[in-house]
Every structure is written in structure tokens, then in C-alpha cells.
Amino acid sequence: MTASSDNPTHAVTPTVPVALAWRWLRQVAALTRDDSFDGTVVDGHRRLEVDAGGGWRCSHPVDEEAAQLLSIWLPWCTTSVRRGPCVIAQLGQSLDGRIATVTGASHYVTGKQSLVHLHRMRALVDAVVVGAGTVDADDPQLTVRHVEGDNPLRVVLDPRGGYRPIATSSASRRRRPGISSTRASGATGSRRMSASRRCRRRRRASIPRGFWRCWPSRVIVGS
């Protein structure tokens, strides 16, 4: 992977700030998802060229933080989804390797920068997948709040069928809908098919018409 700009950093030309780099990343992700990315994004006189592996070259100097952002996320954004969904696992942990305190509290073992990173990840995927236990324990919003971007579809894996709606606060009305995927323990044959049909009906009821057939191409496993 390569990363460079055509102009030296001391040249008197407009630089590429973090806000523009983030906007480019979202654009590349969306175009790649639609299989219409031609390797170039343009903003005025500033031009970003991206290769198939996520390496990039910019026509103008790029701020250090913006360059780091492009180098981290362009390989993910340009990954082809033709052969199937792309999945990225995520967890937040402390410097000593813990994902929660000894009492189970996990709000928060990371800091603000980690939350921004997490929300950028959410904005660059189609769906975020969590277990029903996480919903019960943390009542997560699973939304994009610390950066500009769209909220992902929220998917709850619920093998015991005890799912309750994510985040019952009034703000939930502004979020993307969710899917609850359930299967009874030991279910086989017709029982499994029956569970699948129930899940399909739930999708139809909770997601805008036609959306339930559009399977996510990029997914986060974890909150």
C-alpha cells in the first residue's frame, strides 16, 4: 500500500483536512458497495487516486491526521464485496487488556479517541451485529454520533427469543431499524423453517418496504 501527495508539504496550496478525508472515505465506501468506484474522487481542484489495495495518491498536501485516516480506512473501503459480505470484529479494551472491570462495568474502558474510531467504523458499514445479552446489559444505541455519517442497520442475534427493542428512549425513532434473528435451541426441519418465516415477517414489519431483501455487504460484529 502506498500513500503520497504530489505537492511538497511546504507548497502554498490548499491542504486536505480531516473533514475532507472523511468525506472521501464515505464516498469511496458507497461507490465500492455499488460497484461503481473508478479509483478517483475529486473535490474542487483536489483529487484523490486510490488503487485496488487501498493505496492512495493525492494531488495536494494532506494533513497528518487526514493521511493517517486515509491509510487506515481506504483498504477496508475498497475491499470488493462481489464474493460476499465483509465482516470486521470490534471490541474496546483497556491498556491492561480488559473489556470490562471486575464488576462487569464497561462504560467506558476506552477513551474519546476510541469512541470516534468506533463511530467511524459504524459509518463505513451497512450493519452492526450484537448479541441479545449485550442489548439487555448495555441497551446500546449502535448509532453514529461522534462523526458525520449514516447509522448502520442494527442486528441482534437472539437464539433464545427473548429480544426486546434496542434503546427504548425517544431518540430511537431517529435511528435505522433493526433485525432480530431467532432460532429455538435444537430446532430442526420444519421448526427451523418456521423460525425463518417469523424472522422474515419481523423484517417486513420493522424495515422500510423493500429493504429487508437488501443484505448488508459490510458488517461489524461487536458494538
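The protein chain contains five helices and nine strands. The model is predicted. From the N terminus on, the elements follow the order β-α-β-β-β-α-β-α-β-α-β-β-α-β. Of the 223 residues in the protein chain, 39% are buried. Among contacts with a separation of 6 or more, 67% join residues 24 or more positions apart. The accessible surface amounts to about 13,200 Å². Carbon and sulfur atoms supply 50% of that surface.

Charged side chains were examined next. Side chains of opposite charge can pair when their charged atoms come close. Six salt bridges are found in a search of the whole structure. One of them joins D43 and R23, with an N to O distance of 3.7 Å. This pair links distant parts of the chain. D43 lies in strand β2 (residues 40–43), and R23 lies in helix α1 (residues 18–33). The two are 20 residues apart. Both partners are partly exposed: D43 has a relative accessible area of 24%, and R23 has one of 41%.

D43 also forms a salt bridge with R46. Here the closest N and O atoms are 3.4 Å apart. Through shared partners, salt bridges join R23, D43 and R46 into one network.

Helix α1 also contributes R26 to a salt bridge. The side chain of R26 meets that of E148 at 3.4 Å, N to O. This pair, too, links distant parts of the chain, its residues being 122 apart. E148 sits in the loop between α4 (132–138) and β7 (153–157). The partners fall into separate accessibility classes. E148 counts as exposed, at 55% relative accessibility. R26 is partly exposed, with a relative accessible area of 24%.

R120 presents another case. This residue is found in helix α3 (residues 112–123). R120 is buried, yet has no salt bridge. The nearest side chain of opposite charge is E65, 4.5 Å away. A salt bridge requires a nitrogen to oxygen distance within 4 Å, so the R120 and E65 pair does not qualify. E65 is nevertheless in contact with R120. Leaving aside neighbours within four places in sequence, the other contacts of R120 are V18, W22, L69, W73 and V147.

Key. Residues are numbered from 1 along each chain as its sequence is written. This is a predicted model: local features need pLDDT of at least 70, side-chain atom pairs count only at pLDDT 80 or more; totals for chains, interfaces and linings use all residues. Side-chain values use heavy atoms; hydrogens and water are left out. Helices (H or I, at least four residues) and strands (E, at least two) are DSSP runs, numbered from the N terminus. Buried means under 20% relative accessible area, exposed over 50%, partly exposed in between (1.4 Å probe, protein chains only). Lys and Arg count as positive and Asp and Glu as negative; His and the chain ends are not counted. Contact means heavy atoms within 4.5 Å. Accessible areas come from the Shrake-Rupley method with a 1.4 Å probe; for residues, only the protein chains shown count as cover.
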